[in-house]
Amino acid sequence: MDPAYRESYIPKIESNVYSLGIVLFEILTGMRVDEKTCIGDEELNMVTLVRRYYNHGFEKYIDPQIRDELDAPSLHTFKENHGAASTISRINQKLEDFRIPLKDINSSIGVKGQETRIGDGGFGVVYKGQPSGSWQNRSVAIKCLRPESYQGEHEFRNELNMIFNFNHENIIPFIVSCDEGNEKDKVY
Ligand SMILES: Nc1ncnc2c1ncn2[C@@H]1O[C@H](COP(=O)(O)OP(=O)(O)OP(=O)(O)O)[C@@H](O)[C@H]1O
């Protein structure tokens, strides 16, 4: 199971990527993920074995039944695209790209007051914002974490990861976020 999913119980694209990577390595090594093998006087499970030998000497742990059928270019392509690590860092990178500075949040809301306040939720107060031209030119809802909210850094990160990966007509799309010190905002 993806360690991140085991911790949060929130399914994300990374969990699928992790699982796909595990299945590919099961095929390549001929070992089940929970199976252990003896290397010297150590007993290693498949994930530890792959992590340790992936960059050096991995070839000798390929399932003997397919080793001869696997040509070097195919193995090279597999190693380049095996997914888990590179895809996860790409996904993280993408979410980081959707960050904006607090000054842009503040300038798009203007004065935080009754005029701009459109709601109140568990996360915090929701304001209507009018972003400048450098964003998309439309009205947005900006959820600002209330300092005394029971939700915090962990919930903020989890929710961002979830909404970032959703794309459905009934779900208001996430646009950007802001994370500066105690100020955590989500823009829809
Ligand atoms: N995109 C939006 N457009 C217009 N109003 C919104 C939008 N998002 C939230 N609101 C207003 O803010 C209120 C609180 O919304 P919010 O989603 O924060 O509540 P919540 O269910 O407590 O969720 P959370 O726990 O994430 O804060 C809503 O009831 C609604 O009035």
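Strands β6 (residues 176-180) and β7 (residues 183-187) run antiparallel to each other and pair over 5 bridges. Together they make a hairpin with 2 residues between the strands, and Glu-180 stands opposite Glu-183 in β7. If you look into the turn, you will find Gly-181 with a positive phi of about 60°. Keep in mind as you go that this is a predicted model.

From the hairpin, let's move to the largest nonpolar core. Its 9 residues are Ile-105, Ile-109, Phe-123, Tyr-127, Ile-142, Cys-144, Leu-145, Cys-178 and Val-187. Helix α7 (102-109) and strand β5 each give two or more residues to this core, and β5 has the largest share, with 3 residues. Ile-105 is a good place to pause: beyond its neighbours within four places in sequence, it is in contact with Ile-100, Ile-142, Cys-178 and Asp-185.

There is also a second, separate core of 7 residues, which includes Phe-25, Met-31, Leu-49 and Val-50. Leu-49 and Val-50 bring us to helix α3 (residues 46-53), where they are buried along with Met-46. Seen down the axis of α3, these buried residues fall within an arc of 95°, so they line one face of the helix. The geometry behind this is familiar: an α-helix has 3.6 residues a turn, so residues three or four places apart point the same way.

Finally, turn to the ligand. The residues around it include Ile-118, Asp-120, Phe-123, Lys-143 and Tyr-188. By type, the shell divides into 6 nonpolar, 3 polar and 2 charged residues. Strands β3 (117-120) and β5 (140-145) each supply at least two of the shell residues, and β3 gives the most, with 3.

Note on methods: Residues are numbered from 1 along each chain as its sequence is written. This is a predicted model: local features need pLDDT of at least 70, side-chain atom pairs count only at pLDDT 80 or more; totals for chains, interfaces and linings use all residues. A residue is buried if 20 or more other C-beta atoms lie within 10 Å of its own, exposed if 12 or fewer, and partly exposed in between; C-beta atoms are placed from the backbone. Helices (H or I, at least four residues) and strands (E, at least two) are DSSP runs, numbered from the N terminus. The arc is that of the directions from the helix axis to the C-beta atoms. A residue is near a molecule or strand if its C-beta atom, placed from the backbone, lies within 6 Å of it. Ala, Val, Leu, Ile, Met, Phe, Trp, Tyr, Cys and Pro count as nonpolar, Asp, Glu, Lys and Arg as charged, and the others, Gly among them, as polar. Two strands pair if DSSP finds at least two bridges between them. A nonpolar core is a set of buried Ala, Val, Leu, Ile, Met, Phe, Trp, Tyr and Cys residues joined through C-beta atoms within 7 Å. Two residues are in contact if their C-beta atoms, placed from the backbone, lie within 7 Å.
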